[in-house]
Every structure is written in structure tokens, then in C-alpha cells.
Amino acid sequence: MTVVDGGAGPLRGEKPDLLLAEGESGSPAAESTLQAWRDASGGPPPVWAQVPRGLERVLEPVAMVWGRLDRLTTRRYVTKVVRARLGEISGACGPQVDAERILRERLKRRLAEQGTVPVTDPVGWLVGRALPRRAVCPDGRCDDGRRMDTRADCAACQMLVLDGRALRSRAFAKATTALAGGRVDRPVFEAELNACWQREAATAAVRREDAVRERYARERVWAEQRAQRAAQEAARRALACTVCGKPETAGLCGRCRDERRVEELVAEAVDVAVATWGMGGEAYRLYAVRRTERVMRGAVDQAVTDLLAAGGGVFAESVALAARLAAELQLGALQRRAVNHFAYQPSAQAEFEKVFATEMRRSHLHDSVDEAREAAEEAAETARFNTAHALLDDRLRMLRAARPTVEADAGPDWYAQAAAEVRGLIRPAPTERPTGLAGLAGGWQRAGGGGGMNRPAVRAVAHRPVRQPSLTEWVQGLPGLSGRARRLLLEGDTERRYAGRTAADSGYRMTMALAVAVSQPGREWTLAQWWEALVLRPTAGGAWARSLRSRKGERYAEGKLAGMLDKARAFVGTSGTSGTIVCRADAMLAIARLRAAVEAVVWPGPGGGTDLKNLTARLQLAEQAGGLEHEVSVRQLAELMGCARSTVEASNARLRTARWLLLVTAGTGEHSSTWSLRIPPTESEDQESCARPGHRPAPGERGAEGVPDVHTGLEVSTRALGAVMVADACHHYAHGTSGARILAALDPLDGADIAHLAAATGLHRTTVRRRVDKLVQDGLAEETDGLVYLPRHLAADEGLRPDLDQLEHVALARGTAGLGDRRRKRHSDQRRSNRHWLTARTQHAVERRRSARPPLRLVPEGVVDESTGELRDTAWRGWIIDDPYRPTWPDDGSPEAVCG
């Protein structure tokens, strides 16, 4: 019967299709299956549930079975089981496999095995038969005897099959042997096979029983151990505090533990400060120790004071806890400052540039150049701070290794001591008499050496072995060496400060620098000390000396090292009157003289303030470099001064004309220019022609020193100026260079009026008045009775201590916040573009260059041992073979001829 205009809807009495539950969606497989059902039966199935979203590909083979799940909770349960099986496959085979494909193939196999037998229980069939993995072996990647990840046969299942075959083969051999004529009787074979299976089962049962007994024994031992530990823990908890005597505190109460932890945190903070800022010398170390301990103690005292001031009943434990938390916070801040300090060292900067260049080579993997640059900068910053953490850890490790360890001495061995005394009375130990330079090295400390290298002159009998110091401890204990000299001796020339034309020239330069370091007045080394540090100890700084001894012999090496030591002593002896810088102390003294000369000069005119900032930034760089000679580019100087690049170039020209600045080496490529600071010489006729009332004395001179006025000793502090000139608050559109100079000239106790500020800074009175009003308005200065003072919250022991939060607030109010970051970002982009251009130019030059013939190697391989540097072939003795393609024979007085 055909219904006219019946449409596609159901007729009266027919069940309509169920609507999709919330969160489910149809799929092409489900729709095709439903259509096939309709075509075959002439109507919809009694129940039809759609496949859940996201699992259409997996459940497509069993869409007909899934359609019969009539309850929403049932479908959610089976969906959870499906996702669990997907997770099981990913966990067993790894995340790289297609878990959905593997489960889909499993469902296809299960459905094919079902055949024409109808599925009466859809939930039970899916959960119990279709979805679970079937395997007889313990391998989690096996399913139906095949690997799910590789689709190959399972090796474990094959081993089980082979074991069964071997068992049947043994049973067959026994059954054949038992019968005459080699006939096989099937009942006998079955009986023998059954007996073999029984024996295997009995053996397996014994193994299981043994395993159960072992497990019970282990559990019994574990229970005894847990009971023993519980008893020990109870006994430990019952102990009284060893410090205050409080009962039942496990040997240390919470208050004493926090107090001890505070001391440990203070010691750790001191180590971090010394490793970061105190490795330049003894004065730096003492300053870092005192300042860090004062800051840590101050933070702890402030936290305790705030807690007590809150009122109420405060327990002693709460006070100790507050002190510990304050110490931890202060230590964390100090560690972050230390990491930031190391993050901008040359090694960290080199790592940043290397990682950035590496990531930019993969820019084609990103959608745009900006995204690639952003990803490269992020990776480079991560590498920079990882390097900073590694540098800090290395410094801390070296600092703690150099510290003498206190070993707990065991009980005295009275028998060994008495036996040693008797042996000493019967046969006294002879005194060591070293002969020659190599023999003197063993007892060089007997003549008055100090440090950690003392050796007894008489053999002693010890009742227990003494731990020999490591090479790092030995070098740290050397007398009369600065921190830089110790690192040079221990690590070698890692910074390439003494690089020469060849390896021999570099080794000679580094050894000569060490000779100058050990020849300082009052800290001279003996020849035996010099020989032991370079030749007898495996120090990196003595590699050239040891190579010289292996190539030229011991007598030649002794004479050469002795001559270098004498030459260094002569150089140091004559440098005291010539003004030559031979050590860091001389360099710091020269920088202090130059700083005093800069502060003694009034810098008037429109470019005077810029020139003063230029010299201030260069003085900071000179202190970091350890001398008046330093390397800096125009962009780096602009970032330090807080001005434009063109302004820096004009200032450099003026300072070179005024002979404050000397260009040593012009920058090329990625290398910055090398500059040198100096005090300009003043001629008498110039002083007479330029003299005027109120003129200051010449740089470096004291002048007539008449009776001073109340406020005439005012000067602009370069250290204070260097602390504020880079801030956005001192930008040209905010307080400017004039405001920074006025702020650097203020004092918290000794006020100055407008006239004296104008005389000290070289500015006009109107300009000073206008700038002072702005400083007072922003809280950076205080004016009382016509005198201008530095606010107390900006004052410190060393002078001005800028408040970064206040300066940032001032920059926001003046509209200059972020200008410094934008300038640094612009300079960084320019540097990056310049590096790309240099790389492209170099690559273009390489491509255009003709391919030359490979050079002829004149020195065969194997002449020199690559691991030790020793000469194997004596026929090449005396030759300079650092370049195997161009060996030379020294015949003049050059350093190569002398150094070999």
C-alpha cells in the first residue's frame, strides 16, 4: 500500500527516530548504516543512538551495535571505556602511534569473528568482548598474537608457541622410545604428553609457592623494619632540644631550628654576594661580606620588629618563623640580583647571540619573521639565564671548594702514637735536602711560604692517611695571588686576553702575565714556587711551560722560566716610578684619580652635561674592565647614558678634541671600538689665559685652598649621576640631564642654594631654579629656607641611592616611561640587522671566492700526541709545528724562537 503525500515522516503506529542526546552528533558512517537498515527493513530500527563526537572514526565498524544503546548513561559509560582503551594503547605503544586506528582495527576483527551470530547484549559485547585486549603473553603491546604498533607477530607469543611445541616434541620422543619398532601409539603419546604437562604444572606450582613464601618473608621483614623505624622515630621525637632543652622536640625545637636556619641563610647569602661581587680582590670581598650581612640582619630585624609592633600575644616560635621567612625572601632577592648580574656577562651574552642565531636559521618554520624573531628572543633569553645560573653555581662551587673543611677526627690511636714516638727516638727521620730546581719545588714552603701549600721539612709518621687537597684547593691556597691570577693559573686564558699570533706566542704571553702577578712587591714567589705551580702541578696556566720542558728538556725550561721571572721582577720594580699599571690595585687607583679629575671640572655649555655623562658611563666600564682601556660601541654608550646615538657621537668628538678620550682601535664588524681614558695635560700658558675669578683648579690639583665658604665644596658625584642618568625619569622630556646633574650634586645633610648649584653644575640660575622646582614637585628633592637637600629615603652610605619605583612613577607622570626600553629594542634590532648583513656579505664573498687547492701538509700526523701535546718523533725537536702546513725553524730572537 502506498500512501499519497505521505512525506518522509512516520505513519500512524510507527516509532519515530530518537533525537540526538545533548553532546552527541551524527557521522557519515552512522547515517549510511541507518540508511542501509531503512532500505532493508522498510523503516527505522527500534532504537538508534548516534556515535559520540570525536569517536566517529573509532566506532564506525560497530555503529549498528552502538545504535542499540538506548540509555544516555549507558552510552556515557561505554564512551568512558572507549577512551580508557585509547589511553591504554597510547601508554603501551607510545604517543607516536595512532591509537584510534589500532582500536578501530580491533573492533573490525571482533565484529568479523562474531559473524552472523546476533549481538543480544550490546553493552556486554562492547565492554567485555570487542574493546578489551586479548593476549596470552605478558607483553602489553600484544593483541591477538600481533604487535599493535608494528603489526608484526608477537615475539612473546611465538616463544610460548615454541615452548608448547618443544613440550610435545619431548613427549613424542619418549613415546617413540618406549615402543618397539618406532611406532607411535596415540594413547601412549597422549599419556606421555599429559605427564609432561603435569610435571610442568607441578614445577610452576612450586615456583609460585616459592614466590609466595618469598613475598611473605619480604613483607615480614618490611613489617619488622617499619616497626623498628616507628620505634626509632618515637624515641627521636621524645628527645629534648639540644639548644634550649624543650622536651619532646626530636632533638631540636621549631624555634631553634628556625634560628639556626636564619644563620645558614645569612651564610648562604654571603657566599652568593662574594661569588658575584667579591671575587675582584680582598677589599671587594670584605665589602660584599659586610654589606650583605648588614642587609640580611636588617631585613630579619625589621620583620621581627613589625611582628612585635602588631601587638597581641606573640609566641617565640612565631618570631623565629617570621625571621626565617624574611631571610628566605631576602636571599631569594639577592639570588635574582646575582643571576641578573651574570646574565649580562660576556659568556651569557655570547650564549644569547648563539642561540638567537640558531633559532633564526629556523625562521621558515614560523608564519612570519616577527613570530620567528619573538620565538628566537624567548629561546635566547632562556639560554642567557640558564648560563647565568650555571656561572653562579660554578662560582659558588669554587668558593666553597676553596674553603677549608673541618673533618671530624676519629678517636686517638694511643698505640700508633706511642709506636711513632719510639721509632722517632730509635731512628730520627732525616731532613729532606732537595737538589736542583725540581727538588726545591717539594719543600719551597719551608722558607716562609704560607697558605694551604705548607709541607713539613721532616718526614712524619701518621696514624691515619691525610686527605690530599685537590688542584682547586691547592691553587686557592697559593699565597700572594689575586682572584684573577688564580683563575688564570687554574683555568687558563679562557677570555683570550693574552691571545697571540700562534699558540706558542699565546702561551708565552699568559706565562709572562702570571710572572708579573707573582712578582708584586711583598708577594714575590721563589723560583721553586714558580716551578711547582707551572710544571709539577697539572694547572691549565702551566700547559705551555710543561710543553716547553717536554720539547726542549728540563734544563732549558728551568733557565727560560727563571729568566721570565727575573724579567717580570725588573718590570715591576721600575713600574712604581713610571706610572705603569701592573695590577688591579694600580688600575683602581688610576680610575679613582680620573674620577676625581672629572668631578673637579665644571662642565658648562649645551654639551657639558652630555660629556659628563659620557665620562661617567666610561668610568663604570673602566671599573668593570679593570683598567682605563675599555671596549664599548656607540649604541651601548647611548643606552648607558640615556640619550640618542648622534648625541654620543658628538660627545665622543668633543672629548677626543679635549684629550679626555683616546681611540685605541676602531670597531670592525661585530667588535666594538677600544677606547682609553686619560687626564688631559694642562699647559701653563693655557691656565694663565683662561684664569678668571672663581675658576676651579686644574684637574688633579688641589689649588690654593683658601678659606672656603659654607657651601663652596659642592661637586657633581659621578657615581650618583651614573645611577640616575639611565632612568626614564631623567629623559630629555622629563628632568633631563640638568635634573640628573642637580640630583647628583645634592646632599641629605649639607644643603645648597641655587647659586652654588649653578656654580657646581655650570648651568644658568634660571635653569637650576626651574629644574629644582620640578625635582621638589616629584619628591626627588627637598627645599627648606632657600637650601635644597637630598631626601632621606634617597640617601645611602655611598651617596645617592635611587628608588626605582619612585623613578618609574615619575617617568609615568612625565610621559617618558618606556623610552629607554624602546631605545634598547631599537638598538637590538639594528644590531641584529647588522649581523644579518655581515653574514650575508661574508657568505657572498665565500661564494665568489675561487676554490683553491688544499694546502700541503708538511708535518705528518702522529708527530705530536693530541691528548698530551708531547712530541713523539724526535726528528722534529726544535721545530715550531703549531701550524702543520707551515713548520718553521726559529733562528732569531723572536718570542717564537725563545718559546719554542
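**View 1. Helices H23 and H25 cross roughly at right angles to each other in this predicted model.** The angle at which H23 and H25 pack is about 85°, and their axes are 9 Å apart. Angles from 65 to 115 degrees count as roughly perpendicular, so that is the word for H23 and H25. Which residues meet here? On the H23 side, look for Thr610, Asp611, Asn614, Leu615 and Arg618. On the H25 side, their partners are Thr647, Val648, Ser651, Asn652, Arg654 and Leu655. Sorted by character, the residues of this contact are three nonpolar, five polar and three charged.

**View 2. Arg618 lies over the face of Trp675.** Let us stay with one residue from the previous view. Arg618 belongs to the H23 side of the contact with H25. Arg618 is placed 4.6 Å from the ring centre of Trp675.

**View 3. Helix H24 has four buried residues to find: Leu637, Ala638, Glu639 and Met641.** H24 itself covers residues 634-641. What covers its buried residues? Among the elements that do so are two helices from the first view, H23 (608-625) and H25 (645-657). Strand S3 (629-632) and helix H32 (819-848) also take part in this cover. Just after H24 comes Gly642, and its phi is positive, near 75°.

**View 4. Phe352 and Phe356 form a stacked aromatic pair.** The structure holds four aromatic pairs, and this is one of them. The ring centres of Phe352 and Phe356 are 6.3 Å apart, with 15° between the planes. Why are these two separated by about one helical turn? Phe352 and Phe356 are four residues apart in helix H12 (residues 346-360), and therefore about one helical turn separates them. Here is a handy rule to remember: an α-helix has 3.6 residues a turn, so residues three or four places apart point the same way. Are the two rings' residues buried or exposed? Phe352 counts as buried because its relative accessibility is 10%, and Phe356 is buried too, with a relative accessible area of 2%.

**View 5. The charged end of Arg384 sits over the ring of Phe352.** This charged end is 4.2 Å from the centre of the ring. Arg384 is found in helix H13 (residues 369-402). With a relative accessibility of 4%, Arg384 counts as buried. Who are its neighbours, leaving aside those within four places in sequence? Arg384 is in contact with Ala343, Tyr344, Ala348, Gln349 and Phe352.

**View 6. Tyr508 and Trp544 form an edge-to-face aromatic pair.** Their ring centres are 6.2 Å apart, and the angle between the planes is 80°. Planes over 60 degrees apart count as edge-to-face, so this pair earns that name. Tyr508 lies in helix H18 (residues 503-517) and Trp544 in helix H20 (residues 543-552), so the pair ties together parts that are 36 residues apart in sequence. Both partners are buried: Tyr508 has a relative accessible area of 15%, and Trp544 has one of 7%.

**View 7. Stepping back, the protein has 33 helices and nine strands.** How much of the protein is buried? Of its 900 residues, 34% are buried. Now take the contacts between residues at least 6 apart in sequence: 59% of these join residues at least 24 apart.

Note on methods:
Residues are numbered from 1 along each chain as its sequence is written. This is a predicted model: local features need pLDDT of at least 70, side-chain atom pairs count only at pLDDT 80 or more; totals for chains, interfaces and linings use all residues. Side-chain values use heavy atoms; hydrogens and water are left out. Buried means under 20% relative accessible area, exposed over 50%, partly exposed in between (1.4 Å probe, protein chains only). Contact means heavy atoms within 4.5 Å. Rings of Phe, Tyr and Trp (its six-membered ring) pair if their centres lie within 6.5 Å; planes under 30 degrees apart count as stacked, over 60 as edge-to-face and the rest as tilted. A charge sits over a ring if NZ of Lys or CZ of Arg is within 6 Å of the ring centre and within 35 degrees of the ring normal. Axes are lines fitted to C-alpha atoms, for helices over the stretch in contact, and angles run from 0 to 180 degrees between N-to-C directions. Angles under 35 degrees count as roughly parallel, over 145 as roughly antiparallel, 65 to 115 as roughly perpendicular and the rest as oblique. Ala, Val, Leu, Ile, Met, Phe, Trp, Tyr, Cys and Pro count as nonpolar, Asp, Glu, Lys and Arg as charged, and the others, Gly among them, as polar.
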